[in-house]
Amino acid sequence: MATFTPGSSEEVLAAVQWAAGKDMPLEIVGHGSKRGIGRPLQTEHTLDLSRLTGVTLYEPEELVLSARAGTPLADIEQLLAENGQQFAFEPMDYGPLLGGARGKGTLGGMLAANLAGPRRLKAGAARDHILGINAVSGRGEAFKSGGRVVKNVTGYDMSKLLAGSWGTLAVLTDVTFKVLPAAETETTLAVRGLFDEQAAAAMALAMGSSAEVSSAAHLPQRIAARVAGGMIGGGAATLLRVEGFGPSVTYRIEHLKSLLKNAGPLDEIPDAASRALWRDIRDCAPFADGDKQPLWRISMAPAEGHRMVMALRMQAAAEVFYDWQGGLVWLRMEAGDPEAGLIRGLVRQFGGGHATLVRATPADRAVVPVFEPQPPALATLSARLKAEFDPKTILNPGRMTTAQEP
């Protein structure tokens, strides 16, 4: 069994060409922070990109950053913070949730997994901020797409195509992202003691207002004490984040207080504490406690999430909390069975969505479709794309599907 550790895009190309020529499948990893997501791979060889590091271009005044794919995301975020900038989409760190260390994700992995955080409703995900990529296909061919400016896309946008492909189409070697100024300050307004249905109504009211709420989440009673060191206490908390210049934030928080004065007791969580709170929500800290129970990440219509959970609890024990105004449901199955059929049946019953089994035993991940099964037409298109980019299925084979890949 061999592990390739290329330090340049040319070495990545050579490794993939060797694997394609020998029909040898490769597992593609950075630092392995998301290795436990998807079907377990049984590849003899590994392409480890952890040496493919370094910022190749950073122009703060142009809001553009380019770096090699194996560059630690934590290093990039520190560099941006020093210049008062950020990835506006707030990429999640899966490490602690999957039993690993914090800060091990890479820039290429961020795009491959199409990461996003609590600001998703306002800022989108990684795919909405990618400007360009350099990559190597499973054919052993180097290619690039996009560039260093926003308006440069003509025809097929392969940069966005690779977002969320989990290393099954191509090996990223260099990526270029749009970055944005970080907010001067932020404040979170907490509405206390709401049940899930009441919280959904309060979040909808706030998001529909002129307060420009950037994030909305609901932590039920048993969850609230597990974030930010127990800072917000043990009662249910419905959280609304407002970001921007100080006077503007103050004005908009007062507007929200007036709007929600009858919803329940209101508390303000100031800047530093607010940032710590949303970081824990971003990284699913309530379920990153060493527990190994199956964990689902479900995206669906915000008005339907809590209804789906209520129906689920009639049949199975589960703990949950809500992000994205209730449209992202983090759901832990307490009995140890993923209950994939039940979960996906209820998601379809309540308007549809996507359910991803983020954490489970290798045995469960080998038999349960980890990613949401695609409708036939979309599955056919995905198979065609896989055949075009990786006809010999040497890149992360089978990670995203239980079906035999072409």
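The paragraphs below lead through two sheets, the helix that crosses both of them, and a few single residues.

This is a predicted model, in which local features need pLDDT of at least 70 and side-chain atom pairs count only at pLDDT 80 or more, while totals for chains, interfaces and linings use all residues. Residues are numbered from 1 along each chain as its sequence is written, and side-chain values use heavy atoms, with hydrogens and water left out.

Helices (H or I, at least four residues) and strands (E, at least two) are DSSP runs, numbered from the N terminus, and two strands are taken to pair if DSSP finds at least two bridges between them. In general, the strands of a sheet pair through backbone hydrogen bonds, and the pairing is either parallel or antiparallel.

An open sheet of three strands, with parallel pairing, follows the order β1-β3-β2. Its edges are formed by β1 (3-4) and β2 (26-29), each of which has a single partner strand, so one side of each is left without a neighbour in the sheet. Between β1 and strand β3 (residues 45-48) there are two bridges in the parallel sense, and Thr3 has Thr46 as its bridge partner in β3.

Another open sheet has five strands in the order β4-β5-β9-β7-β8, and here the pairing is antiparallel. The edge strands of this sheet are β4 (55-59) and β8 (142-146), each pairing on one side only. On average, with direction ignored, neighbouring strands of this sheet are turned by 15° against each other, where axes are lines fitted to C-alpha atoms, for helices over the stretch in contact, and angles run from 0 to 180 degrees between N-to-C directions. Within this sheet, strand β5 (residues 64-68) is joined by five bridges to strand β9 (residues 170-178), the two running antiparallel, and Val64 finds its bridge partner in Lys178 of β9.

Which strands does helix α1 lie across? Helix α1 (residues 9-22) lies across β7 (130-137), β8 and β9, and runs at about 150° to β9; α1 also lies across β1, β2 and β3, running at about 165° to β3. Contact here means heavy atoms within 4.5 Å.

Turning to single residues, His306 is placed in helix α10 (residues 305-313). At 8% relative accessibility His306 counts as buried, because buried means under 20% relative accessible area, with exposed over 50% and partly exposed in between (1.4 Å probe, protein chains only). Not counting residues up to four places away in sequence, His306 touches Asp196, Glu197, Ala200 and Tyr322.

Most residues other than glycine have a negative phi. Trp324, although not a glycine, has a positive phi of about 55°, and Gln325, likewise not a glycine, has a positive phi of about 65°. Trp324 lies in the loop between β16 (318-323) and β17 (328-333), and the place of Gln325 is also in the loop between β16 and β17. Trp324 counts as buried at 11% relative accessibility, and Gln325 counts as buried at 17%.

Arg39 belongs to the loop between β2 and β3 and is partly exposed, with a relative accessible area of 23%. The side chain of Arg39 reaches the backbone oxygen of Thr401 at 3.1 Å, a polar contact being a pair of N or O atoms within 3.5 Å, where within protein one must be able to donate a hydrogen and the other to accept it, and residues adjacent in sequence count only if both atoms are side-chain atoms. From C-alpha to C-alpha, Arg39 and Asp157 are 27 Å apart in space, and they are 118 residues apart in sequence.
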